[in-house]
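This briefing goes through a protein–DNA model by topic. Please keep the sequence and the structure open while reading.

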Protein chains: 2
Amino acid sequence: MSGFASAGFSPSRGAGLSPQKALRLWHDVALTRVRGNIGDLTERQMLILLTIYLETPPHTVRGLAAKLEVTKPVITRALDTMGSMGLVSRKRDDADKRNVIIQRTVDGALYVEALAETIVGHAEDIR
Amino acid sequence: MSGFASAGFSPSRGAGLSPQKALRLWHDVALTRVRGNIGDLTERQMLILLTIYLETPPHTVRGLAAKLEVTKPVITRALDTMGSMGLVSRKRDDADKRNVIIQRTVDGALYVEALAETIVGHAEDIR
DNA sequence: GGTATCAATTGCGCTTCCGAAACAATTGTC
DNA sequence: GACAATTGTTTCGGAAGCGCAATTGATACC
């Protein structure tokens, strides 16, 4: 049962991330987010948000659904939720008015940046 | 808006995790989990599970609620859900029968270990 | 022994998410 | 211009989570 728990500890440098440290990092970040009530987003929503802010634009509902392998309503609803939070915004494509272009916002960038800092901070603790 | 996106790139070794790589890692792990439909767990539930498997036992409902700063019903219901998935099990404390001891399971250990491998694998991709 | 305290659970109303299908708006095709 | 195809949204029924308050069972106190 505790097979993974007794796996070897890797040195601090040169061997990437050991399983134990990976789990500790995940735990610490989740703890910070849950304690701060920042965990409003589903894992899917978080994935959508990160995709929007990491991958090169433009982003459409259909494109995101295909890339993430989820249905389109999932994207639409996630955009509703995150849009009301100010994390993303939508805009009709002028060239093809069927498309909706998903745009980044200042608040969304700040949110993503805060997540990054949380991760980096805990990664430093673990190093 | 893109302040964080233009922040400096850190070298591959010696400077820990850059914000960009942290976000990329989070994104990649989330993508793997969402695509594989492994994301049945809330961020809170994941935190509870990781705490059970990372911190030293014994774990009680009250102890977890205090440590994670959530209410007790949150713990109870998360244990219901994860218990039905076979990820954890409960047992009355013989010494004080008010307490419930949360125990690890083989399936839970495998689940956590799989998460760890997912993280480690993507960390290697990014290194 | 009777009462207060404590641990965990459950009930209630509310909100949110999900999947599948139906829908409205726009574009391509002949 | 009529019709098919595409994009995004909405609707519907069902499931799950949340906070808060009440409840059950067990222990401590005097």
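Helices (H or I, at least four residues) and strands (E, at least two) are DSSP runs, numbered from the N terminus. By that rule, Pro58(A) lies in the loop between H2 and H3 of chain A. This is a predicted model, in which local features need pLDDT of at least 70 and side-chain atom pairs count only at pLDDT 80 or more, while totals for chains, interfaces and linings use all residues. Residues are numbered from 1 along each chain as its sequence is written, and chains are lettered from A and ligands numbered from 1 in the order in which they are written.

**Chain A overall**

- Chain A has five helices and two strands, in the order α-α-α-α-β-β-α along the sequence.
- Of its 127 residues, 30% count as buried; buried means 20 or more other C-beta atoms within 10 Å of the residue's own, exposed means 12 or fewer, and partly exposed is in between, with C-beta atoms placed from the backbone.
- Two residues are in contact if their C-beta atoms, placed from the backbone, lie within 7 Å. Among contacts in chain A between residues at least 6 apart in sequence, 46% join residues at least 24 apart.

**Helix H5 of chain A**

- H5(A) covers residues 106–126, and its end C-alpha atoms are 30 Å apart. This agrees with the 30 Å expected for 21 residues at 1.5 Å a residue, where the expected span is 1.5 Å times one less than the number of residues.
- The buried residues of H5(A) are Gly108(A), Tyr111(A), Val112(A), Leu115(A), Ala116(A), Ile119(A), His122(A) and Ala123(A).
- Seen down the helix axis, these buried residues fall within an arc of 135°, so they line one face of H5(A); the arc is that of the directions from the axis to the C-beta atoms.
- Val106(A), Glu124(A) and Asp125(A), on the other side of H5(A), are exposed.
- In chain A, the buried residues of H5(A) pack against helix H1 (19–35), helix H2 (43–54), strand E1 (88–92) and strand E2 (100–104). They also pack against helix H1 (19–35) of chain B.

**Interface and core**

- In the interface, 40 residues of chain A are in contact with 40 residues of chain B.
- On the chain A side, H1, H2 and H5 each supply at least two residues, and the largest share, eleven residues, comes from H1(A).
- By class, that side has 23 nonpolar, six polar and eleven charged residues. Ala, Val, Leu, Ile, Met, Phe, Trp, Tyr, Cys and Pro count as nonpolar, Asp, Glu, Lys and Arg as charged, and the others, Gly among them, as polar.
- The largest nonpolar core has 61 residues; such a core is a set of buried Ala, Val, Leu, Ile, Met, Phe, Trp, Tyr and Cys residues joined through C-beta atoms within 7 Å.
- Ala22(A), Leu49(A), Leu50(A), Leu49(B), Leu50(B) and Ile119(B) have the most contacts inside this core.
- Beyond its neighbours within four places in sequence, Leu49(A) is in contact with Leu41(A), Met82(A), Leu87(A), Gly108(A) and Val112(A).

**DNA surfaces**

- A residue is near a strand if its C-beta atom, placed from the backbone, lies within 6 Å of it.
- Around DNA strand D there are 23 residues, of which Thr60(A), Val61(A), Arg62(A), Pro73(A) and Lys97(B) come nearest.
- The largest share of the surface near strand D, five residues, comes from H4(B). By class, this surface has eight nonpolar, six polar and nine charged residues.
- Around DNA strand C there are 21 residues, of which Lys97(A), Thr60(B), Arg62(B), Pro73(B) and Thr76(B) come nearest.
- H4 of chain A, together with helix H3 (61–68) and H4 of chain B, each give two or more residues to the surface near strand C.
- The surface near strand C has six nonpolar, six polar and nine charged residues.

**Backbone details and loops**

- The peptide bond from Pro57(A) to Pro58(A) is cis, with omega near 0°.
- In chain B, a cis peptide bond joins Pro57(B) and Pro58(B), with omega about 0°; Pro58(B) is in the loop between H2 and H3 of chain B.
- Glu69(A), in the loop between H3 and H4 of chain A, has phi near 60°, a positive value in a residue other than glycine. Glu69(A) is exposed, with 11 other C-beta atoms within 10 Å.
- Glu69(B) has a positive phi of about 60° although it is not a glycine.
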